[in-house]
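Biologist: Before we go through the labels on this entry, please show it. I would like each term justified.

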Amino acid sequence: MNMTQIDKTKPVMITGATGYVAGWIVKRLLDEGLTIHAPVRNPNNKERLKYLNALADQTKGSIKYFKANLLEEGSYDEAMKGCELVFHTASPFINKVQDPLRDLVNPALLGTRNVLEGVNRSESVKRVVLTSSVAAIVGDARDFAGYPNGEGTEDQWNTTSTINHQAYSFSKTVAEKEAWKINEQQNRWDLVVINPSLVIGPGISPLSTSESFNLVKQIGDGTMKMGAADFYIGVVDVRDLAEAHFTAGFKPEVRGRHIISAENSHILTLAQALQREFGTAFPFPQKTLPKFLVWLMAPASGFKRKMISRNVGYPWNLNHSKGINELGVKYRPVEESIVDFFQQMIDHGVVTGTNQ
Ligand code: NAP
């Protein structure tokens with residue numbers, strides 16, 4: 001097998017550096033003393049870049065910004081010059097969108113194409129690490145039943161999401177497929193894919209539009225005070241995920257897809273961990289709601305009934321052994337991740353309990 005050696009004296013490019021998942025990857029690269037090329041939508045937005053700049057000030061590494069947009073062809077080429085390694089994390093992670101094609105699928109799919117066509121044009125890039133998602137492996141929880149042993153592995157693809165049903169999952173599936181297609185048409189650079197489940201844990205920036213923040217906030221802001229939907233969910237800590245990306249970038253023999261998910265958990269399990277730490281100061285859900293009620297209330301809560309039908313009550317079953325064996329991922333307890341995340345939200349006034 002081809003061993004890909006990445007020279008750490010060369011700059012490393014990361015797309016979406018301002019994002020939640022990317023923040024900790026940037027920190028890991030800076031701690032290693034690397035030079036980062038960060039193409040962002042608005043390199044002049046000092047407020048949005050202040051957390052990354054503070055990190056760069058504290059470490060041996062450095063960060064240089066470029067202007068780029070997923071929807072603008074060729075806009076990543078300049079930032080890629082001289083880089084042997086490219087992390088492509090940028091892609092919208094939003095649940096409620098007005099126009100799924102415009103707001104999710106185009107930035108994910110055209111963005112991936114745009115970045116990778118830039119990689120094809122570059123002379124220096126040897127490896128691309130793509131942040132995909134377990135959403136490219138499984139669409140709805142009930143799909144696990146049709147997989148061998150009822151579990152999701154790197155061999156499976158999501159075949160049930162469409163632009164009208166689970167549009168975010170669809171966007172991640174078509175984007176990852178496009179990445180493999182472009183990769184297979186050449187042999188200069190290799191592709192390593194990271195497929196995380198729901199990411200939790202404190203952000204480098206305490207305020208984010210990532211859906212991770214929304215979901216966890218809702219466990220403690222009263223949205224679920226009458227009870228939680230019977231949702232099983234895979235979760236992983238953002239800091240452990242960054243370490244997985246780092247290894248995926250630099251370990252010479254790594255190839256293919258990697259499910260990165262600490263545990264197959266449940267909304268109520270996460271809520272109970274928070275309750276143990278923060279007590280009754282927040283209106284955490286105490287029970288699960290009957291499925292028919294969740295189904296009935298779905299439109300009022302901004303969800304589609306079809307999504308409820310195909311997910312609520314179905315176990316979540318991802319096999320994470322490849323990530324452990326090949327990337328050496330060590331998962332911290334999910335309880336620690338959720339508590340640290342919620343504490344950050346308290347500290348920054350994102351959630352306020354009765355004792356605050
Ligand atoms: P996030 O905080 O919202 O980050 C998304 C990033 O994408 C931001 O840096 C944003 O840049 C950038 N972006 C969005 N549209 C863009 C455009 N048109 N042009 C250039 N940049 C654009 O979300 P996240 O949770 O960190 O997600 C990062 C990646 O992880 C995504 O690929 C997501 O699918 C994947 N992922 C996330 C989770 C999770 O639970 N969070 C789970 C699995 C996979 P701006 O600063 O310019 O807005």
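**Labels and their grounds**

Modeller: The model is predicted. Around the ligand, helix H1 (20-31), helix H5 (167-184) and strand S7 (198-200) each contribute at least two residues to the shell.

Biologist: How many residues surround the ligand, and which are the closest?

Modeller: The ligand is surrounded by 27 residues, with Thr18, Arg41, Arg48, Tyr168 and Ser210 the closest.

Biologist: What makes the approach of the ligand to the side chain of Thr18 a polar contact?

Modeller: A ligand oxygen atom is 2.4 Å from an N or O atom in the Thr18 side chain. The cut-off is 3.5 Å, so the pair of Thr18 and the ligand qualifies. Lys172 also qualifies, since an N or O atom of its side chain is 2.8 Å from a ligand oxygen. At Thr89 the partner is a polar backbone atom, 2.8 Å from an oxygen of the ligand. The protein buries 92% of the 880 Å² that the ligand exposes when taken alone.

Biologist: Why are Phe213 and Phe341 called an edge-to-face pair?

Modeller: Their ring centres are 4.9 Å apart, and the limit for a pair is 6.5 Å. The angle between the planes is 90°; over 60 degrees counts as edge-to-face, so the label holds for Phe213 and Phe341. Phe213 belongs to helix H6 (residues 211-220) and Phe341 to helix H12 (residues 334-347), so the pair ties together parts 128 residues apart in sequence. The structure holds twelve aromatic pairs.

Biologist: How do you know whether Phe213 and Phe341 are buried or exposed?

Modeller: Buried means under 20% relative accessible area. Phe213 has 6% and Phe341 has 0%, so both are buried.

Biologist: Which other residues of H12 are buried?

Modeller: Besides Phe341, the buried residues of H12 are Val334, Ser337, Ile338, Val339, Phe342, Gln344, Met345 and Ile346.

Biologist: What span should H12 have, and what span does it have?

Modeller: With 14 residues at 1.5 Å a residue, H12 should span 20 Å; the C-alpha atoms at its ends are 20 Å apart, so the two values agree. After H12 comes Gly349, with a positive phi near 70°.

Biologist: Which residues form an aromatic cluster with Phe342?

Modeller: Phe278, Phe282 and Phe284 join Phe342 in one cluster. Phe284 lies in the loop between helix H8 (267-278) and helix H9 (291-297). At 2% relative accessible area Phe284 is buried. From Phe284 to Gly349 is 65 residues in sequence and 17 Å in space, C-alpha to C-alpha.

Biologist: What makes you say that the charged end of Arg28 sits over the ring of Phe246?

Modeller: The charged end of Arg28 is 3.8 Å from the centre of the Phe246 ring. The distance limit is 6 Å, and the charge must also be within 35 degrees of the ring normal. Lys8 sits over the ring of Phe250 at 4.9 Å from its centre.

Biologist: Why is Asn149 called exposed but Gln166 partly exposed?

Modeller: Exposed means over 50%, and partly exposed runs from there down to 20%. Asn149 has 72%, so Asn149 is exposed; Gln166 has 21%, so Gln166 is partly exposed. Asn149 is in the loop between strand S5 (127-131) and H5, and Gln166 is found in the loop between S5 and H5. Neither is a glycine, yet phi is positive, about 60° in Asn149 and near 60° in Gln166.

Terms used. Residues numbered from 1 in each chain as written. Predicted model: local features only at pLDDT ≥ 70, side-chain atom pairs only at ≥ 80, totals over all residues. Heavy atoms only, no water. Phe/Tyr/Trp six-rings, centres within 6.5 Å; stacked < 30°, edge-to-face > 60°. Helix = DSSP H or I, 4+ residues; strand = E, 2+ residues; numbered from the N terminus. Buried < 20%, exposed > 50% of the residue type's maximum accessible area, 1.4 Å probe, protein only. Expected span 1.5 Å × (residues − 1). Near = heavy atom within 4 Å. Polar contact = N/O pair within 3.5 Å; in protein donor to acceptor, adjacent residues only side chain to side chain. Areas by Shrake-Rupley, 256 points an atom, 1.4 Å probe, with all protein chains shown as cover.
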